[in-house]
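Work through the exercises below with the model open. Try each task before reading its solution.

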Amino acid sequence: MRKLSLSSFSKALTATAISIVLAGSIAHSFANNDLPDLGTAAVNTFSLEKESVYGDAYMRVIRSSAPVLNDPVLSQYLSELGNKLVANATGVKTPFYFFLLRNDEINAFAFFGGHVGVHTGLFLNANNESELASVLAHEISHVTQRHLARSIEAQQKSSTATIAGMLGAILLTIAAPQVGIAALATTQALATQSKINYTRLHEKEADRIGMQILVDAGFDPNAAATFFGQLAVRYRFSTTPPQMLLTHPLPESRITEARNRAAQYPARYVPDSLLYQLAKARIQVRFSSFSDDAALSLFEQQLKKREYTHKDAALYGKALALFRLEKFEQAEVIIDELLKNDDNNLFYIDTKTDLLAQKKAYPQAIALLESQRKLKPTSQVININLANIYVEAEQPTKAIPLLEETIFFDKQNMLPYQIMSDAYRKLDNKALEYYSNAEVMALTANYQGAIDQLNYAYRYSEGKTLQLARIEARIRQFRQADREMDQFK
């Protein structure tokens, strides 16, 4: 599979954006190929439509180059938290898409098209949901205030090479600061102090607006100062600060301003969220550098010493650690007890499903998930788990409509396409199996691989006129995308 690295992104971004294809279960045509030419000095505006196209392109590159986490439970939790904040923001002109990267570094970043990426390391270091929300609110403000677009428009009078370099360098810095800083150092656009100050003004604006979003959404206004204050103390003398401090510097004045802003709001007690602590426990066990035994020891010590915010979260973490050590019966005892007290909790339901699947108790798993689907018909956790169980239980036909529905609500999620491919493979429908594979590859900007899969799909679609036409249209789209990308490699 051919992949595009982040290091080549500053060259390939324009071409990718020109011919980006929206993934879906049916063929989509380009609505508009009229994108800005960053090779000229005539960049006068950067429209929201163009931002959306560039954001989609960059997201595909991230999927091919970074460990994007496709965990339905964590994804749904993060999306619901993010959208709660967005609902309290002003000037929202684009949909938002929140996603997780499996990385112990403390970092979060936002880019075109309402994309907000969060490293799992942020969960590992934030003490409560308000602290996490303060970071998300800051990143949401970068998007609503269009800081990336404004940075590019501020360089209108620069040379053509500088404008193109500016875009690539900014985006590189967001996702991989160590790479991006080197790019910025060679970009003449940021050579003067005035342009560096312009970036600091963006940070100050995002701090101010983010604080208002945080308060309006019902979170603790002191969370931003508390979280960043902890980071500043921890890394005060460090020669290798976390990525967040490279892209979001923390001078003492900034922390002081955050405290002063928080003091302007009435004191508010915000009980910490159980869901946040469950998400944190899940990341600690499944998506961090903890070893199997260390993860179990962590939660056993919390329970023994009563050093936890929520006992149920510590029990959940212990159950996940036991599952990881293949002590399934012990894990199930804990999960069943947690479900007795909170039978609609998606974290517990997901793990219970895993336990039932492990012992091939498919009828029980299906009954559990079908009953939950009546309560939560659009939940990606329920639908993806149920579809996966149907495939494992040799009932792939029942999985397909669930996956199509999930894709309808989230066309950027690779996981439903991957399960869809497995479902069609079990049905011996090679044409649609290859078609599903093509969509997965397109989501990672691997257009040549997608074309190869569609060619296989075409061979197995003989006599199916509509399906052949659909595949032909998709091949044309991917070929155009691949040609444009090759020009910049």
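**Exercise 1.** Is Asp 207 buried or exposed?

*Solution.* This is a predicted model. Start with the cut-off: buried means under 20% relative accessible area. Asp 207 has a relative accessible area of 14%, so Asp 207 is buried. Next, place the residue: Asp 207 sits in helix α9, residues 193-216.

**Exercise 2.** Find which residues Asp 207 touches, leaving out residues up to four places away in sequence.

*Solution.* The contacts are His 138, Arg 254 and Arg 261. Now look at His 138. Its side chain makes a polar contact with the side chain of Asp 207, at 2.9 Å. His 138 is found in helix α5.

**Exercise 3.** Which residues does the UniProt annotation "active site" cover, and why do they gather at one spot?

*Solution.* The unreviewed UniProt entry lists Glu 139 and Asp 207. They span 69 residues in sequence, but no two of their C-alpha atoms are more than 9.1 Å apart, so they gather at one spot. Of these residues, Asp 207 is included in the lining of the largest cavity. Glu 139 lies in helix α5, residues 129-144. Glu 139 counts as buried, at 2% relative accessibility.

**Exercise 4.** Locate the UniProt feature "binding site" and check the burial of its two histidines.

*Solution.* The unreviewed entry places this feature at His 138, His 142 and Glu 203. Their span is 66 residues in sequence, yet no two of their C-alpha atoms are more than 8.5 Å apart, so they gather at one spot. From this set, the lining of the largest cavity takes in His 138. His 138 is buried at 4% relative accessibility. His 142 is buried at 13%. Finally, a 3.0 Å polar contact joins the side chains of His 142 and His 138.

Methods
Residues are numbered from 1 along each chain as its sequence is written. This is a predicted model: local features need pLDDT of at least 70, side-chain atom pairs count only at pLDDT 80 or more; totals for chains, interfaces and linings use all residues. Side-chain values use heavy atoms; hydrogens and water are left out. UniProt positions are given in the numbering used here, feature names are shortened, and annotations may be inferred rather than shown by experiment. On a 1 Å grid over the protein atoms alone, a cavity is a set of points where a 1.4 Å probe fits but cannot get out, and a pocket is an open set with protein on both sides within 12 Å along at least five of seven lines; lining residues have an atom within 4 Å of a point. Helices (H or I, at least four residues) and strands (E, at least two) are DSSP runs, numbered from the N terminus. Buried means under 20% relative accessible area, exposed over 50%, partly exposed in between (1.4 Å probe, protein chains only). Contact means heavy atoms within 4.5 Å. A polar contact is a pair of N or O atoms within 3.5 Å; within protein, one must be able to donate a hydrogen and the other to accept it, and residues adjacent in sequence count only if both atoms are side-chain atoms.
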